[in-house]
Amino acid sequence: MLPLKLKLSTLLQILSIMKKFSLLTTILSCLCISSCTAPKHRVYHHGFSQETSNVFASEILAQEFDTIERVLNILKEASNQLKEGKSVPREVLYGIIDIIENFSDKHHQEKEDKILFPFLKTVQDGDKIDFFGQLLLEHVLARDKIRELSFAINNLYQGKKEKKMITKISSSYIKLMKRHMKTEEKLLFPWMNTTLSHDDQVTLVEKFKAVEKEDISAGVHEKYVALIEEIENQLGLFSK
């Protein structure tokens with residue numbers, strides 16, 4: 001038989017090896033879970049934290065659709081809950097309006113209204129003027145619907161009529177925005193990428209960056225992304 005001292009030493013070595021092996025197994029297991037498990041929602045890019053030297057202006061606008069889609073989802077969920085007779089705090093609805101007016105619209109529609117469309121009119125031969133006008137009109141209609149929605153929310157607790165009005169306006173706004181985004185994705189952005197030169201794209205990107213510079217430094221993006229996530233949690237969007 002082996003001496004007791006040797007047996008204890010051997011046992012300790014075995015335990016040490018087993019502990020290291022167990023730790024390695026745990027780490028590998030966690031890595032597999034992290035890489036294979038889908039997040040609750042997509043990762044969204046905001047502002048210009050990424051390198052934009054090789055990014056087209058159309059790509060920046062298209063990325064912003066991720067945020068807009070996310071906001072449309074929370075508006076749709078809040079509207080559905082009202083339709084089902086559930087209680088939705090008025091603060092949640094005001095939060096959605098705040099996001100749409102001061103984040104989604106400001107960081108997307110204003111880029112197009114004040115920078116993109118005026119710029120595009122100077123680089124093409126005029127055959128797209130009506131097209132740009134239609135897109136601008138849809139922006140105006142969308143903002144009108146948000147004003148109507150805000151007015152309806154102010155009267156939320158006056159009865160079922162106001163709740164029905166909220167769901168009706170919400171549905172109309174969501175349909176308009178989805179159709180509008182599809183038009184830009186299928187027609188506007190491909191046209192931009194084939195018509196604009198590399199220098200044109202760089203110019204637009206720099207103009208976009210200048211518009212957002214103040215808000216980025218003030219943390220506006222982080223504020224509204226946090227608010228979106230908070231409302232998603234309040235509505236239980238990822239607990240179903």
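**A walk through an all-helix model**

Hello everyone, let's start on the outside: Leu137, Val140 and Leu141 form a nonpolar patch on the surface, and together they have about 230 Å² of accessible area. Val140, from that patch, sits in helix H4. Its relative accessibility is 37%, so valine 140 counts as partly exposed. Before I go on, please keep in mind that this is a predicted model.

Now let's step back to the whole chain. What does the secondary structure come to? The protein has 7 helices and 0 strands, so if you read along the sequence you get the pattern α-α-α-α-α-α-α. The accessible surface comes to about 14500 Å², and 58% of that belongs to carbon and sulfur atoms. Of the 240 residues in the protein, buried ones make up 39%. Here is a number about how the chain meets itself: take the contacts between residues at least 6 apart in sequence, and 81% of them join residues at least 24 apart.

Let's go inside. The largest nonpolar core has 55 residues, and those with the most contacts inside it are Ile96, Ile99, Leu120, Leu188 and Met192. Which helices supply at least two residues each to this core? They are H2 (57–83), H3 (90–123), H4 (129–154), H5 (160–195), H6 (198–217) and H7 (220–234). The largest share, 12 residues, comes from H3. If you'd like one residue to click on, try isoleucine 96: leaving aside neighbours within four places in sequence, its contacts are Val71, Ile74, Leu75, Ala78 and Ile231.

Next, two other residues that are tucked away. Is histidine 107, in helix H3, buried or exposed? With 7% relative accessibility, histidine 107 counts as buried. Apart from neighbours within four places in sequence, histidine 107 is in contact with Glu64, Asn102, Glu212, Asp215, Val220 and His221. The second one is glutamine 81, which lies in helix H2. Its relative accessibility is 11%, so glutamine 81 is buried too. With sequence neighbours within four places set aside, glutamine 81 touches Lys86, Val88 and Leu235.

On to the charged side chains. How many salt bridges does the structure hold? There are 9. One of them joins the side chains of glutamate 69 and lysine 178, at 3.0 Å from N to O. Glutamate 69 is in helix H2 and lysine 178 is in helix H5, so this pair ties together parts that are 109 residues apart in sequence. Both ends are partly exposed: glutamate 69 has 22% relative accessibility, and lysine 178 has 38%.

Other salt bridges stay within one helix. Arginine 147 pairs with aspartate 144, with the closest N and O atoms 2.3 Å apart. These two are 3 residues apart in helix H4, so about one helical turn separates them. Aspartate 144 is partly exposed, at 28% relative accessibility.

Over in helix H6, lysine 209 and glutamate 206 are also 3 residues apart, about one turn of the helix. They form a salt bridge whose closest N and O atoms are 3.6 Å apart. Lysine 209 is partly exposed at 29% relative accessibility, and glutamate 206 is partly exposed at 42%. Finally, which residues are joined into one network by salt bridges that share partners? They are Glu64, Lys111 and Glu212. You may recall Glu64 and Glu212 from the contacts of histidine 107.

That's the tour, and thanks for listening!

How values were computed: Residues are numbered from 1 along each chain as its sequence is written. This is a predicted model: local features need pLDDT of at least 70, side-chain atom pairs count only at pLDDT 80 or more; totals for chains, interfaces and linings use all residues. Side-chain values use heavy atoms; hydrogens and water are left out. A nonpolar core is a set of buried Ala, Val, Leu, Ile, Met, Phe, Trp, Tyr and Cys residues joined through side-chain atoms within 4.5 Å. Buried means under 20% relative accessible area, exposed over 50%, partly exposed in between (1.4 Å probe, protein chains only). Helices (H or I, at least four residues) and strands (E, at least two) are DSSP runs, numbered from the N terminus. Contact means heavy atoms within 4.5 Å. Patches are made of residues with over 30% relative accessible area and no salt bridge: like charges are joined within 9 Å, nonpolar side chains (Val, Leu, Ile, Met, Phe, Trp, Tyr) within 5 Å. Accessible areas come from the Shrake-Rupley method with a 1.4 Å probe; for residues, only the protein chains shown count as cover. A salt bridge is a side-chain nitrogen of Lys or Arg within 4 Å of a carboxyl oxygen of Asp or Glu.
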